[in-house]
Amino acid sequence: MSSIPASPSDTFIHAIGRFFIELVLAIGDLALFGLGMLRALLRGIPKRRIVFGCMYEVGVRSVPVVLVTGLFIGMVLAVQTYDQFASMHMESRLGAIINVSLVKELGPVLAAVMLAGRVGSAMAAELGTMRVTEQIDALRALGANPVQYLVVPRFLACFLLIPLLTVMADAVGVFGGWMLSTSALGIESTFYWHHSNKYVAIFDVAGGLVKSMFFGAAIAIIACNRGFQCGAGAEGVGRAATESFVLSFIVILSLDFFLGVLISAIYRLVYAGQAASVWLDAMNSVGGFA
Amino acid sequence: MTKTARAEPFCKPLSSHEPDEPIVEFRNVSRGFGSHQILRNINLQVMAGETLCLIGESGCGKSVTMKLMMGLMPPSCGDVLWDGVSINGRSDEELVRDRLRFGYLFQGAALFDSLNVYENIAFGLRQNTRMSEDFIRETVMERLKEVGLASTAAYKMPSELSGGMRKRVGLARALALMPDIILYDEPTTGLDPIMTDVINTLIKKTRDRRPVTSIVVTHEMSTVRKVADRIVMFYPLSRLKPDDPQIVFEGTPEEAFTSTDPRVSQFVYGEAGERMQELMLV
């Protein structure tokens, strides 16, 4: 990030101004970097060996951490929501709330956060080290486009594999929630799945997966940009890795909000009548609202 | 491609080179990073076939000059010319293609950590030519031999190499595309005296083997003595008045060693002079 030198006579207003100028510069820099990456992607896909190497690192090696996170989050959801639902005698509907939360929000967001932490930081540190040791200059000196060679494969790996990781997180989360609800909380499995089936639509799963693709793209672009902008020395590399995670985390949550609003709007537009009838059914079954 | 074709560079100059025309030229080039200016109004000419040594204190802009020469970074103002043609108007594709005329030995060798020695040397060939893998292997082994490394070194990772070996692999990689201009950025820094002489000899041998133009950034006077046809000395801007030229010496090694300018003589003889008082070490 370009920094604007501070002066000893600066006031609080100067500091606020500096913050916003730096914010605009950082966003502009990120946008230009993303555009450069898209241009490089349109020019051609890098060699299969390089893309598959990145896919192995991003996808295969992230599977254990995503599975563990998904499993526990499903179980935690069951534990945390049981008391509230039981107080309203609605515990048999636990499957609906757990599975809707998982496929719409927690699965995509947690898979993305795990990817940002495990892969994004590593990418920023790796590319940062390459920049500090002049390997990126060496690529250019040898006729390679560093964005094409380094960024495009990482982008493709994150963008294409994060939906699969999300599906895995969703699946083990659903399993964890079901396992705990039926074995420890005494909920009948039939009711659990009946209500899950009633409230979880394919649109919810698809919406979560679409969101995850945006998260994957954001993680790759932010991590690679931080690596390419890395400052000198070990401190610069460490800062690039930290900035990559923090920025990715903020962007994932902001994107989650805006995409959530957008996807809900699309849902209402496409399934307007259907949505209303689902709610009426729900109210009816709770008792006496119809 | 026939065997004899290997004696030719893989990337030829776009324009025909006139004998008296500089192969690389700086016209009033300045470069800064943020508010920190590194180079100011540099005018420099590099003639084809010569070995030019750029000397000067750390931080005076020698490495930046090398990157500007190769078009790896643009000047803040001024113009860099290759064969008399400015590089400013060139498209990215043209710049990438024309840049292959240069070989660059980076300060820390800048070998790709994730690739072994063989893949490092073959990188430029795979990236820019349609050579068969057999031919690439032959070329890589030839380059390794040229820099005095055994073929067994080809399958080592950069992390397994000593400093001297890394520099030699870096040189082999820079030579792989048969460039006609080679930039050496502090090729002997951090090496023992024996390895320093090995690298100096390799620079000379490379020039003797084929007519390359060499530009060497160095602090080592042994390197200057051994390889330089001409020396250009830069001075840090922080020690100059606003109107002083940043290049304080241009001439032959003999002229540098007999220079009466204290800035030049102190540097070439390694004397601290008034710096001791400035640093309050006396």
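**Exercise 1. Work out whether the two faces of strand 8 of chain B are covered or open in this predicted model.**

Solution. Start with one side of the strand: Thr213(B), Ile215(B) and Val217(B) sit there, and they are buried. Now flip to the other side, where Ser214(B) and Val216(B) are buried too. Both faces are therefore covered, and with five of the five residues in 213–217 buried, strand 8 of chain B is largely enclosed by the rest of the structure.

**Exercise 2. Find the strands that pair with strand 8 of chain B, and say which way they run.**

Solution. Take strand 3 of chain B to begin with: four bridges tie it to strand 8 of chain B, and the two run parallel. One pair to look up here is Thr51(B) with Ser214(B). Next comes strand 7 of chain B, joined to strand 8 of chain B by five bridges, again parallel. In that pairing, Tyr184(B) has Val216(B) as its bridge partner. To get from strand 7 to strand 8, follow helix 6 (residues 193–209) of chain B: the three elements make a right-handed β-α-β unit.

**Exercise 3. Lay out the sheet of chain B that has six strands, and name its edges.**

Solution. Write down the order: 6-7-8-3-9-10, an open sheet of chain B with mixed pairing. Then look at the ends, where strand 6 (102–105) and strand 10 (247–251) of chain B each pair on one side only. Going from one strand to the next, the twist averages 15°. At one end, strand 6 of chain B pairs with strand 7 (residues 181–185) of chain B in the parallel sense, over four bridges. Phe102(B) and Ile181(B) are bridge partners there. Finally, add a helix: helix 9 (residues 262–269) of chain B packs on this sheet and touches strand 3 (51–55), strand 9 (230–234) and strand 10 of chain B. Its direction makes about 70° with that of strand 10 of chain B.

**Exercise 4. Do the same for the sheet of chain B that has four strands.**

Solution. The order this time is 2-1-4-5 in chain B, open as well, with antiparallel pairing. Strand 2 (36–46) and strand 5 (85–86) of chain B each have a single partner strand, so one side of each is left without a neighbour in the sheet. For strand 5 of chain B, the link to strand 4 (residues 77–82) of chain B is made by two bridges, and Leu81(B) is the bridge partner of Ser86(B). Helix 1 (residues 62–69) of chain B packs on the sheet, in touch with strand 1 (24–33), strand 2 and strand 4 of chain B. Its direction and that of strand 1 of chain B make about 120°.

**Exercise 5. Step back: what does chain B look like as a whole?**

Solution. Count the elements and you get ten helices and ten strands in chain B. For 282 residues, a compact globule would have a radius of gyration near 19 Å, and chain B agrees because its value is 19 Å. Its C-alpha atoms fill a box of roughly 60 × 45 × 35 Å along the principal axes. As for burial, 41% of the residues of chain B count as buried. Of the contacts between residues at least 6 apart in sequence, 68% join residues at least 24 apart.

**Exercise 6. Decide which part of chain B to read with caution.**

Solution. The mean pLDDT of chain B is 86, with 92% of its residues reaching 70 or more. Residues 1–7 of chain B, however, have pLDDT below 50, and beyond near neighbours in sequence this stretch has three contacts in the model. Where pLDDT is low, the predicted coordinates should not be read in detail. For the model's scores, note ipTM 0.85 and pTM 0.83.

Definitions and conventions. Residues numbered from 1 in each chain as written. Chains lettered and ligands numbered in written order. Predicted model: local features only at pLDDT ≥ 70, side-chain atom pairs only at ≥ 80, totals over all residues. Rg over C-alpha atoms; globule rule 2.2 N^0.38 Å. Buried ≥ 20, exposed ≤ 12 C-beta atoms within 10 Å, placed from the backbone. Contact = placed C-beta atoms within 7 Å. Pairing = 2+ DSSP bridges. Axes fitted to C-alpha atoms, helices over the stretch in contact; angles between N-to-C directions. Right-handed = clockwise from strand over helix to strand, strands pointing away. pLDDT = per-residue confidence, 0-100.
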